[in-house]
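Biologist: I'm new to this one, so could you pick a single part and take me through it closely? After that, feel free to show me what surrounds it.

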Amino acid sequence: MRVALQVTCVNDAMFPDTGKAVVRLLRRLGVDVDFPRAQTCCGQPMVNTGYLDEAVPVVRTFVDAFAGYDAIVTPSGSCAGSARHQHAIVAERSGDRALAAAVAETAPKTYELSEFLVDVLGVTDVGAYFPHRVTYHPTCHSLRMLGVGERPQRLLEAVRGITLVDLPEATECCGFGGTFALKNADTSVAMGADKARHVRDTGAEVLVAGDNSCLMHIGGMLSRQRAGVRVMHLAEILASTAESESHSSGPAVGERAGGPAT
Amino acid sequence: MSGGTFVGMPAFPTAAREALGDTQLRSNLAHATRTIRDKRAAVVAEVEDWEDLRLAGAGVKEAALRDLATHLETLEASLVRAGATVHWARDAEEACAIVARLAHAHGVDEVVKVKSMATMEIGLNEALEAEGIAAWETDLAEMIVQLGDDLPSHILVPAIHRNRAEIREIFMRRMGDVGRPAPDDLTDEPVVLAAAARAHLREKFLRAKVAVSGANFAVADTGTLVVVESEGNGRMCLTLPDVLISVVGIEKVVATWSDLDPMLRLLPRSSTGERMNPYTSTWSGVTPGDGPQEVHVVLLDNGRTRALADDVGRQALRCIRCSACLNVCPVYERTGGHAYGSVYPGPIGAILNPLLRGVSDEQTASLPYASSLCGACFEVCPVRIDIPSVLVDQRAAVVDSHRGDRVPKAEAVAMKAAAWAFSDSRRLAWAEKASGLGGRVLRRFGRTTLPGGRAAAGRLPGPGAGWTGARDLPAPPEESFRAWWDRTDGGQNDRGTR
């Protein structure tokens, strides 16, 4: 099986550790994952803001980059949803039949990480170790657009050492919403404040989710509140092992606060 | 008595900002939406074949819309056969003029009203007032809104933004101006408030010669109009006066009597969270010696054919005004209905208003963006309107309407630049390198450490301030994933991170 990682533009530029975690995790599970260098973005920022024409070349780049793979794995419910549900709309708008045909090939092969692990690889225990108190936020697109259901929780429950606590009002949107977070910043923040409050109520040390964009929003609020709760992508917890935990020192040197800018 | 007006409302983000600061509103809405939401969830969970029922409901409305012209002609013929008079109104102005003319013909200076979204949409009360005719709202919540010179903020519960203390105050202050005053010992107990409203309205029911209603459904094959309500006040209006005028949107038509079956099962559970609706009134034209002896039906377009012509958006015409989407919407719950600047607020309003009116004005054009696209609305919609997809499609309509602008918006320029960078991975790699260098500077000057130890960027200027005003932002990492993959040969020779 030829498996490609669609790392997503947000992870590529802002959260490379998530991409590295997916690579480590999949290799540990015996998957020889490839990173097609031609990939960029799924096009969702354009589509969801109404710029369909602008999304056409981006979707074209996506289908070209991932053509020929048996599975495309992405650590984002939102980007998987975009590939599966929005690419066809963009292709139709372009009037380009070849693009529509290519989308029909890549769309059904695109899996969000937890779907790929549970449905394609058939594993729920990925051999992870993470001795921390964790709460899980199901992001809207993974929950409602993809319907990943309980897959992420099943994966987390199998992690050794973890204390998984329920998040109150878990299924309510965090208020990120892509450009909504900027265009309607006040409403977005009002929603995020309630989400952050629910997270704090759990007493968790780590908030985990399958989308770093939502986590950037909730985590940004928790950080501003000095709440003492960090956010982590699902992939990073699933990639953790007793060994990595023992010399885990938080972020890479080049990302650390106050670190030498060498 | 004049109510407020939505005319001149600012765009959603501005209106929302003000609403978010109204602590009483926030508290009232959070309480009320949660209550209805929980009630709905409980009674929907009881129905084993709920998903099939949703499909059936969507099917009934979709079939009616697919052949709308035929069904409307059948409806007209059935209504006329049953003794009703049918009027056709292209827009709000025509519809209001028809109702005013009929009221004048009967020499009345007041009408009683059944709660009706269509008449709110066309501004009938204000139009009648200009003609010297008082239109009395008799639905309890609509009456509260009217007495308070206020605007409705919810489809089902127009006074949802008010709590009982505020309602008591409105009754004490205003009831006496327009009829029987509230008793001096009025308390804010719901049963006491309802009794005051009952005594106040009874006078109007018994006096009125003309009633105005809408309709939840219009059955084409039998010429039957249906009004679904909870209080019985609607039935008072539908049965006591001599003349009944119903303003009915053309999308309310269903083909047959049996089509009502799924609709009347879906609506109460989705709307009020009840298993069965308390007062369901149906009437087919005139029944001699029983009820109104003169029955008029005004069939209203007012943008509905415009929405019908929209391939993606037409599904919004399936809407049965249950307001389930409002009650689950995290945006609506926090901003309330007034921020949407329309009698149709919430997720359905965010698509219905632009579909009915177009997106040429700034306020309407802001509505499709008043959503985080979380999808909770689609999940609860009894007629399966895919609101998130229509929202995105309406956003495209807004963007397309600006494609000819001589000076493009900053957002359009940014999107074009992003599309350019995202169309070639080499351009993206270059941009990431630049952002990594920027991150190096930000980290050097950064004063904030994110939980977990990563450095935060400082406060951003310009549009970025919308983010960093309330949220910390990680500084971009020095090395992108792509650069790491290249440097380490796909992680094969990763000897520690840089």
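Modeller: Let's start right at the end of a helix: just after α12(B), Gly273(B) takes a positive phi of about 75°. Before going on, some ground rules: this is a predicted model, where local features need pLDDT of at least 70, side-chain atom pairs count only at pLDDT 80 or more, and totals for chains, interfaces and linings use all residues. Residues are numbered from 1 along each chain as its sequence is written, while chains are lettered from A and ligands numbered from 1 in the order in which they are written.

Helices (H or I, at least four residues) and strands (E, at least two) are DSSP runs, numbered from the N terminus. Helix α12 of chain B covers residues 260-271. At 1.5 Å a residue, its twelve residues should span 16 Å, and the end C-alpha atoms are indeed 16 Å apart, which agrees. That expected span is 1.5 Å times one less than the number of residues.

Is α12(B) mostly covered or mostly open? Mostly covered, with nine of its twelve residues buried. Buried here means 20 or more other C-beta atoms within 10 Å of a residue's own (exposed is 12 or fewer, partly exposed is in between, and C-beta atoms are placed from the backbone). Among the buried ones are Leu260(B), Pro262(B), Met263(B) and Leu266(B), and the list also includes Arg269(B).

Chain A has an α12 too, at residues 212-224. Its 13 residues should span 18 Å, and the end C-alpha atoms lie 17 Å apart, which agrees. In α12(A), 13 of the 13 residues are buried, so this helix is largely enclosed by the rest of the structure. After α12(A) comes Arg226(A), with a positive phi near 55°.

Now for how the chains meet. The contact takes 66 residues from chain B and 68 from chain A, where two residues are in contact if their C-beta atoms, placed from the backbone, lie within 7 Å. On the chain B side, the elements that each supply at least two residues include α1 (12-20), α19 (387-401) and β12 (473-474). The largest share, seven residues, comes from α21(B). By class, the side of chain B that touches chain A has 33 nonpolar, 17 polar and 16 charged residues. For those classes, Ala, Val, Leu, Ile, Met, Phe, Trp, Tyr, Cys and Pro count as nonpolar, Asp, Glu, Lys and Arg as charged, and the others, Gly among them, as polar.
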